[in-house]
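Reader: I would like a close look at one part of this protein, the open sheet, with enough of the whole around it to place that part. Please take me through it carefully.

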Amino acid sequence: MPEALSKDESEVTFEALTPHIGSLAHGIDVSKPVPPAVMTRLRRELADRSVIVLRDQSLTPEQLIAVSRDFGPLEKHVLSNFCLPDHPEIFVVSNIIEDGRHIGAHGGSKQYHSDLSYLPEPSMGSLFYCLECPEDGGETAFASMFAAFDALPEDRKKWLAERDGVHDYVWNYERAHLQNRAPLTEEQKAKTPPVLHPSVRTHPENGRPALFISEVFTRSFEGEDEAESQALIHELMEFAAQPAFVYAHKWRSGDLIIWDNRSAVHKAMPFDEAKSRRRMHRTTITGDRPYFNG
Ligand SMILES: [Fe+2]
């Protein structure tokens, strides 16, 4: 007999956006408290599909924080100068300059990564809410690391399953951001030493293996040559970014995306920064230490 659905739950449906990744949710207004049964379905969908899109939301910072907390405790970003002063859980991503200063992190990473993978306990997921966006470009692209791992040759899977990756925030910051961001303080550097993570991680909610590396934060494989590691990481990420494994979201204001950092990587697509404004609010859900039990 089918499970009985509550009225709130019966109005919720999910539509696949691509075969491997991404679901469009219908019937959920997250400006109001989300009923527990609906949260259970959202969590399950997020674990299985890695990315959930909700259209036509209207969220104050308080409301975005409230729905984010339904997924777990929130991180406060190491770049506290780009967080909302009254709501430090919200990290602003924007190219807008007001009173001579950028109101948010303006160089959203153009390469695939998993947020905060450089922490010992990386983020479980992120919520990204669009306030303003360009008409052309500025998409966020997501790649399924479940699909990427599943499609690798068996010998490559085995090699990766036995290797840790070195994730290094300071290394990446100093090679990528010094032209347009202030240097890190010694205190910021001390908070983010390199960490080791399995290159393949088991998703704790459905047991599926996912590739867990990125060109942004993975400096090398532990014990392997850095240049050789970089070449392999590049090759693997090219493989993961093949169109069949990717969903690219064209933003409208009022869109909210929830993504799972344990099974998806994401990147920002370019847009004409001189002509268009982009203003996004992000919250980041704390996560657990990655493990692999294959
Ligand atoms: Fe990100």
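Author: I begin with charge: the mean positions of the 32 positive and 45 negative charges of the protein lie 2 Å apart, where Lys and Arg count as positive, Asp and Glu as negative, and His and the chain ends are not counted, each charge being placed at NZ of Lys, CZ of Arg, CG of Asp or CD of Glu. This is a predicted model, in which local features need pLDDT of at least 70 and side-chain atom pairs count only at pLDDT 80 or more, while totals for chains, interfaces and linings use all residues. Residues are numbered from 1 along each chain as its sequence is written, and side-chain values use heavy atoms, leaving out hydrogens and water.

The protein has 8 helices and 18 strands, these being DSSP runs numbered from the N terminus (helices H or I, at least four residues; strands E, at least two). Of the strands, 8 form an open sheet of mixed pairing in the order 1-2-3-16-8-18-5-4, two strands being paired if DSSP finds at least two bridges between them. Strand 1 (13–16) and strand 4 (83–84) stand at its edges with a single partner strand each, so one side of each has no neighbour in the sheet. Strands of a sheet pair through backbone hydrogen bonds, either parallel or antiparallel. Strand 5 (residues 87–94) and strand 18 (residues 279–285) pair in the antiparallel sense over 4 bridges, and Val-92 stands opposite His-281 in strand 18.

Around this sheet, the C-alpha trace of the protein spans about 60 × 55 × 35 Å along its principal axes.
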